[in-house]
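Me: Hi! I've got a model open and would like to talk it through with you. Can we start with what it takes for strands to count as paired?

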Amino acid sequence: MALAAEITSTKRAIVTVGISPSKDANEWTAFGAIKSDMSTKYKEAGKILTFEEKPSFEQAEGMIKEGCWAWNSGMFVFKMQLMRELLEEFQPEIFKQYTDIVTALKANDNAAATAAFLSIKPKLPDPRGSGKQVDTS
C-alpha cells in the first residue's frame, strides 16, 4: 500500500493492488487477475495491460507460465481530485448528482443529499458491443 500511495502522490494514476498468486492453477479460478507490463515498471509496480475475471484452469496455467500476472485484490488507490475529474469527463450526469450531494451535505440538508443519491442512474457501455450506453434503471 505504501508503494501505491507513493505512486499516486507523484503521478496522475489509479493504482490497483495486486496479490502475489500461488502456482496452483486451481486456485486461480477463484480470483480475477491483472496482467502488468513489467518492462515499464516503477519499483515493483507495472502498468496494467488487462484484467481477466476468474480464468479457467487452462488459462491459469498459461498465466502462471507468463509470470506477469497478479490476483486482483479489489483495492484501488487514487487521489479524490483525479476521481472527480474522471467522473466529470466520463459520467457528467453522475458528476452533477455527486456535486448536488456534496452541496446538500455541506448545507446539512440530508433530505436533499438522499434524494440526489437515490436519483443516480448510471449508464454503462452495452456489453453486446453496440457502442451505445445501457440505462441501468
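Reply: Happy to. Two strands pair if DSSP finds at least two bridges between them. One thing to keep in mind throughout is that this is a predicted model.

Me: Good. With that settled, in which sense do E2 and E3 pair, and over how many bridges?

Reply: E2 and E3 run antiparallel to each other, with six bridges between them. As an example, Lys35 stands opposite Thr50 in E3.

Me: What's going on at the turn of that hairpin? Which residue takes a positive phi there?

Reply: That would be Lys43, with a positive phi near 55°. The hairpin of E2 and E3 has two residues between the strands.

Me: And which residue in E4 is the bridge partner of Lys35?

Reply: Trp69 in E4 is the bridge partner of Lys35. E2 and E4 pair in the antiparallel sense, over three bridges. Another of the partnerships involving E4 is Ala33 with Trp71.

Me: What about E1 and E4, how many bridges there?

Reply: Four bridges, again in the antiparallel sense. Ile19 has Trp71 in E4 as its bridge partner. Trp71 is therefore a residue to click on, since Ala33 also has Trp71 as its partner.

Me: Let me zoom out for a second. How many helices and strands are there in the protein?

Reply: There are six helices and six strands. Reading from the N terminus, the order is α-β-α-β-β-α-β-α-α-α-β-β.

Me: How much of the protein is buried?

Reply: Of the 137 residues, 24% are buried.

Me: And the contacts, what share comes from residues 24 or more positions apart?

Reply: That share is 55%, counted among contacts with a separation of 6 or more.

Me: OK, on to H1. Which of its residues are buried?

Reply: In H1, residues 2-10, the buried ones are Leu3, Ala4, Ile7 and Thr8. They sit on the same side of H1, because they cover an arc of only 130° around the axis.

Me: What's on the face turned away from that?

Reply: That face carries the exposed residues Ala2 and Thr10.

Me: Which strands do the buried residues of H1 pack against?

Reply: Those residues pack against E1 (15-19), E2 (33-42), E3 (45-52) and E4 (69-77).

Me: Let's pick Ile7. What does Ile7 touch beyond its neighbours in sequence?

Reply: Leaving aside residues within four places in sequence, Ile7 is in contact with Ala13, Val15, Tyr42 and Ala45. Ile7 counts as buried because its relative accessible area is 9%, with the cut-off at under 20%. There is also a pairing in space with the hairpin residue we met: the C-alpha atoms of Ile7 and Lys43 are separated by 9.8 Å, although the two are 36 residues apart along the chain.

Me: Changing topic: what's the volume of the largest pocket?

Reply: The largest pocket has a volume of about 830 Å³. Its lining is made up of 34 residues, and Thr16, Ser36, Glu44, Ala45 and Gly46 lie nearest the centre.

Me: Which elements give two or more residues to that lining?

Reply: Those are H1, E1, E2, E3, H3 (57-66) and E4. E2 gives the most, with six residues.

Me: And the lining by class?

Reply: The lining has 21 nonpolar, eight polar and five charged residues.

Me: Back to backbone angles. Is a positive phi usual or unusual away from glycine?

Reply: Most residues other than glycine have a negative phi.

Me: Then which residue in the loop between E3 and H3 should I look at?

Reply: Have a look at Lys54, which is found in that loop. Lys54 has a positive phi of about 40° although it is not a glycine. Asn108 is a further case, with phi near 60°, and its place is in the loop between H5 (92-106) and H6 (110-118).

Me: Is Asn108 buried or exposed?

Reply: Asn108 is exposed, at 68% relative accessibility.

Me: Last one: what about Lys65, buried or exposed?

Reply: Lys65, in H3, is exposed, with a relative accessible area of 74%. Lys65 and Lys23 are 42 residues apart in sequence, with 9.1 Å between their C-alpha atoms.

Definitions and conventions:
Residues are numbered from 1 along each chain as its sequence is written. This is a predicted model: local features need pLDDT of at least 70, side-chain atom pairs count only at pLDDT 80 or more; totals for chains, interfaces and linings use all residues. Side-chain values use heavy atoms; hydrogens and water are left out. Buried means under 20% relative accessible area, exposed over 50%, partly exposed in between (1.4 Å probe, protein chains only). The arc is that of the directions from the helix axis to the C-beta atoms. Contact means heavy atoms within 4.5 Å. On a 1 Å grid over the protein atoms alone, a cavity is a set of points where a 1.4 Å probe fits but cannot get out, and a pocket is an open set with protein on both sides within 12 Å along at least five of seven lines; lining residues have an atom within 4 Å of a point. Grid points are joined across faces, edges and corners, and a volume is the space filled by probe spheres set on the points. Ala, Val, Leu, Ile, Met, Phe, Trp, Tyr, Cys and Pro count as nonpolar, Asp, Glu, Lys and Arg as charged, and the others, Gly among them, as polar.
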